[in-house]
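Thanks for coming. I'll go through one structure today, starting with a hairpin and ending with some backbone outliers.

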Amino acid sequence: MDLNSSLTLERELTLSERDRDVRLNGMSKIPLEIPVNQNWTCHSCGGCCKQHAIAVTLEEQQRIAAQGWEHEPAVGRSAEQLFVDVGGWLTRRWTRLAHQADGSCVFLDESGLCRIHAKFGEPAKPLACRIYPYAFHPAGDAMAVSLRFSCPSVAANLGQPITQKRKELDQLVRLTTPANYRDSPPPRLKTQTELTWDQARMVIDQLDQTISDKGVPLEVGILRTLLALGLLEEAKFAKIKGARVRELVELIFEAAASDLVELPERSAVGRVSMTSFRLLVAQYSRLENFKQLTWSHRYQLLRAALRFSRGQGQTLPLHPDLKAVSFSEIESDTFGCLKPEQSELLRRLMQVKIEGMHFCGRPYYNNTIIEGWYALVLLILSIVYLARWIAVGNGRHEVVNEDVLKAMTIADHHHGYSPALGMSAAKQRNRAMVAKGDLGRLVITMMGRRDY
């Protein structure tokens, strides 16, 4: 289920349309923290209208129903047929826009454009459509802006710099942000360790600085963050106050940089951890199915889970851009390391997620900073695995830039939005990998080794 819900803290904070008008006319601007190295302009590929379930409020349903689409031959549906009710029993009920037979939104036309937008203007679209691919996360007195790399234009860094879109972002933030956003608590470092916003930002800034250092290979930077967070997890923050917190955080990250100058030798990843990682890749490789979950589809998912847990034979693709290929080919050492330009693609993704706080806190599965970081590292490794998968499917044992970009759009469709990835079982799986030292081994295995 994809509700584009990272922009709100809770369902009850969703603003009514009257409240939105009041905000646009009277609410003061909210300070924005915008990623400086990211561009985006919509290129009307229509991908977002084919891969996402768009949640609509009751007011949006009423407005769209009154637009007279039953008289439009290209749509030809009654007001009731424009929407689908989802959930029930064990999950909250909500309503989404209907889809066409090929999975496209009911309002997507043949040229990849929105019929609502074309006929009534952008403000007439559901708010979820207007916001994509942005994600907004409270950051103390400010609002951090991130983007979803499921959009091909975001992944390829195409279009206008985001820093030049402040007017547009200011309007969207005021439309979606509750007045009490400053009351949102900062992310915890770990489950039992509460931080102030200043302290949380200290840790996040150190992660950003480590990953942003282009003088260090990305895989080395990632390993340094894992080492530093492991040391921070053991620290007794309750006994450390004021400026000493900053000193501790900086010393730990400096120590991690000093202790890890180059990539360690490769060693085997444990069987259990490799099984968990493959199952995570399978989760990331799925394409949303908006049709009724039939027994045939359930059986296909079960087959895929069994196939990925064993890692033998051929993959069972759950996405049209992925072909059935041999697990042994994907995991072969013949791939070697990523090229520098491919690492830079992944570095940019991580920077945008860090600067936008798009990996931890209340809007992001309520993950602690440490839990969220492990999940973000595993996202990067899953993208590399998917890029290899795409390469093998095209008869290559060498990853090219286009493979990485495509893998980004596939994996980041789910990251932060799939309920399965936020379950306690997923967090426990990630922690088990770390406890065994296998997350670091996966970084070395999947991202390769260079000469330093």
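One definition before the hairpin: two strands count as a pair if DSSP finds at least two bridges between them. Keep in mind that this is a predicted model.

Strand 4, residues 134–139, and strand 5, residues 142–147, run antiparallel and are joined by six bridges. One of the partnerships is P138 in strand 4 with M143 in strand 5. The hairpin leaves two residues between the strands, and there G140 takes a positive phi near 75°.

Is strand 4 mostly covered or mostly open? Mostly covered: six of its six residues are buried. That holds on both faces, with Y134, F136 and P138 buried on one side, and A135, H137 and A139 buried on the other.

Just ahead of this strand, in the loop that connects helix 5, residues 127–131, to strand 4, we find P133. The peptide bond between Y132 and P133 is cis, with omega about 10°.

Now the interior. The largest nonpolar core has 108 residues, and the members touching the most others are Y134, F277, L346, I369, W373 and L381. Which helix gives the most to this core? Helix 15, residues 369–393, with 19 residues. Take I369 as an example: beyond its neighbours within four places in sequence, I369 contacts P187, R188, L189, L195, A200, V203, I204, L207, F359 and C360. Apart from the largest core there is another one, of 17 residues, including I54, W69, A98 and C105.

On the surface, Y299, L302 and L306 make a nonpolar patch of about 320 Å². L302 belongs to helix 12, residues 295–310.

Last, the backbone outliers. As background, most residues other than glycine have a negative phi, and most peptide bonds are trans. Which residues in the loop between helix 14 and helix 15 go against the phi rule? M357 and N366, neither of them a glycine. M357 has a positive phi of about 50° and sits in the loop from helix 14, residues 340–355, to helix 15. N366 has a positive phi of about 60°, and its place is also between helix 14 and helix 15.

Their surroundings are another matter. M357 has a relative accessible area of 2%, so M357 is buried, the cut-off being under 20%. N366 has a relative accessible area of 54%, so N366 is exposed, the cut-off there being over 50%.

That is the tour; I'll take questions.

Key:
Residues are numbered from 1 along each chain as its sequence is written. This is a predicted model: local features need pLDDT of at least 70, side-chain atom pairs count only at pLDDT 80 or more; totals for chains, interfaces and linings use all residues. Side-chain values use heavy atoms; hydrogens and water are left out. Buried means under 20% relative accessible area, exposed over 50%, partly exposed in between (1.4 Å probe, protein chains only). Helices (H or I, at least four residues) and strands (E, at least two) are DSSP runs, numbered from the N terminus. Patches are made of residues with over 30% relative accessible area and no salt bridge: like charges are joined within 9 Å, nonpolar side chains (Val, Leu, Ile, Met, Phe, Trp, Tyr) within 5 Å. Accessible areas come from the Shrake-Rupley method with a 1.4 Å probe; for residues, only the protein chains shown count as cover. A salt bridge is a side-chain nitrogen of Lys or Arg within 4 Å of a carboxyl oxygen of Asp or Glu. A nonpolar core is a set of buried Ala, Val, Leu, Ile, Met, Phe, Trp, Tyr and Cys residues joined through side-chain atoms within 4.5 Å. Contact means heavy atoms within 4.5 Å.
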